[in-house]
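The following exercises are to be worked with the sequence and the structure at hand. Each task is followed by a solution in steps.

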Amino acid sequence: MAIENVQQLLTEQLGKNGNTVVFTTAAQTGKDFYCVYFPVESVVASITVADATGESALVTTLPAGTSLFMNITAIQLTSGIGIGYDEGPTS
């Protein structure tokens with residue numbers, strides 16, 4: 001993975017690449033989220049994280065305001081709201 005410049009990182013943090021996904025209980029599969037933010041208390045039914053171990057510990061209730069910074073490739077909620085951020089196309 002290439003090191004990104006400050007502008008690229010800020011653009012991603014602000015969700016400006018047009019690849020922000022707001023979801024509830026619909027399964028999110030085939031994703032490449034670098035962050036998922038939960039604005040309200042949310043219950044994770046399943047989660048798949050690339051290049052990580054122990055992600056099954058995240059199948060739990062997450063308090064409002066939680067952010068997960070990791071390469072999430074699939075996630076499904078039982079309840080709540082998730083906002084997934086994807087790098088999207090690079091220029």
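**Exercise 1.** Determine which residue of β5 stands opposite Y37, and which residue of β7 does so.

*Solution.* The model is a predicted one.
Step 1. In β5, the residue facing Y37 is S67.
Step 2. In β7, the residue opposite Y37 is I83.
Step 3. The strands themselves may now be considered. β2 and β5, the latter covering residues 66-68, run antiparallel and are joined by 3 bridges. With β7 (residues 82-86), β2 pairs in the antiparallel sense over 4 bridges.
Step 4. As to burial, 5 of the 6 residues of β2 are buried, and the strand is thus mostly covered.

**Exercise 2.** Describe the overall make-up of the protein: how many helices and strands are there, and in what pattern do they follow one another?

*Solution.*
Step 1. The protein contains 1 helix and 7 strands.
Step 2. Along the sequence, their pattern reads α-β-β-β-β-β-β-β.
Step 3. The protein has 91 residues, of which 30% are buried.
Step 4. Among contacts with a separation of 6 or more, 76% are between residues 24 or more positions apart.

**Exercise 3.** Find the aromatic pairs of the structure and classify each as stacked, tilted or edge-to-face.

*Solution.*
Step 1. Searching the whole structure yields 2 aromatic pairs.
Step 2. For F23 and F33, the ring centres are 6.2 Å apart and the planes lie at 5°, so this pair is stacked. The cut-off applied here is that planes under 30 degrees apart count as stacked.
Step 3. This pair links distant parts of the chain, with F23 in strand β1 (residues 20-23) and F33 in strand β2, 10 residues apart. Both F23 and F33 are buried.
Step 4. For Y34 and Y85, the centres are 6.4 Å apart and the planes at 40°, so the pair is tilted.
Step 5. Here too distant parts of the chain are linked: Y34 belongs to strand β2 and Y85 to strand β7, 51 residues apart. Y34 and Y85 are both buried.

**Exercise 4.** State which residues of the largest nonpolar core touch the most other members, and which elements give two or more residues to this core.

*Solution.*
Step 1. The core has 13 residues, and those touching the most other members are F38, I47, L68, I72 and I75.
Step 2. Two or more residues come from each of β2 (33-38), β3 (42-49) and β6 (72-79).
Step 3. I72 may serve as an example. Apart from neighbours within four places in sequence, I72 is in contact with K31, D32, F33, V36, I47, T48 and V49.

**Exercise 5.** Decide whether each of two loop residues, E55 and T29, is buried or exposed, and describe the surroundings of each.

*Solution.*
Step 1. E55 lies in the loop between β3 and β4 (61-62).
Step 2. E55 is buried but has no salt bridge, and K31, the nearest side chain of opposite charge, is 18 Å away.
Step 3. With residues up to four places away in sequence left out, E55 touches I47, T48 and V49.
Step 4. T29 is placed in the loop between β1 and β2. Its relative accessible area is 56%, so T29 is exposed, the cut-off for this being over 50%.
Step 5. Under the exclusion of residues up to four places away in sequence, T29 touches T73 and A74. From C-alpha to C-alpha, T29 and I75 are 6.7 Å apart in space, although 46 residues apart in sequence.

Key. Residues numbered from 1 in each chain as written. Predicted model: local features only at pLDDT ≥ 70, side-chain atom pairs only at ≥ 80, totals over all residues. Heavy atoms only, no water. Core = buried A, V, L, I, M, F, W, Y, C linked by side-chain atoms within 4.5 Å. Buried < 20%, exposed > 50% of the residue type's maximum accessible area, 1.4 Å probe, protein only. Contact = heavy atoms within 4.5 Å. Pairing = 2+ DSSP bridges. Phe/Tyr/Trp six-rings, centres within 6.5 Å; stacked < 30°, edge-to-face > 60°. Lys, Arg positive; Asp, Glu negative; His and termini not counted. Salt bridge = Lys/Arg side-chain N within 4 Å of Asp/Glu carboxyl O.
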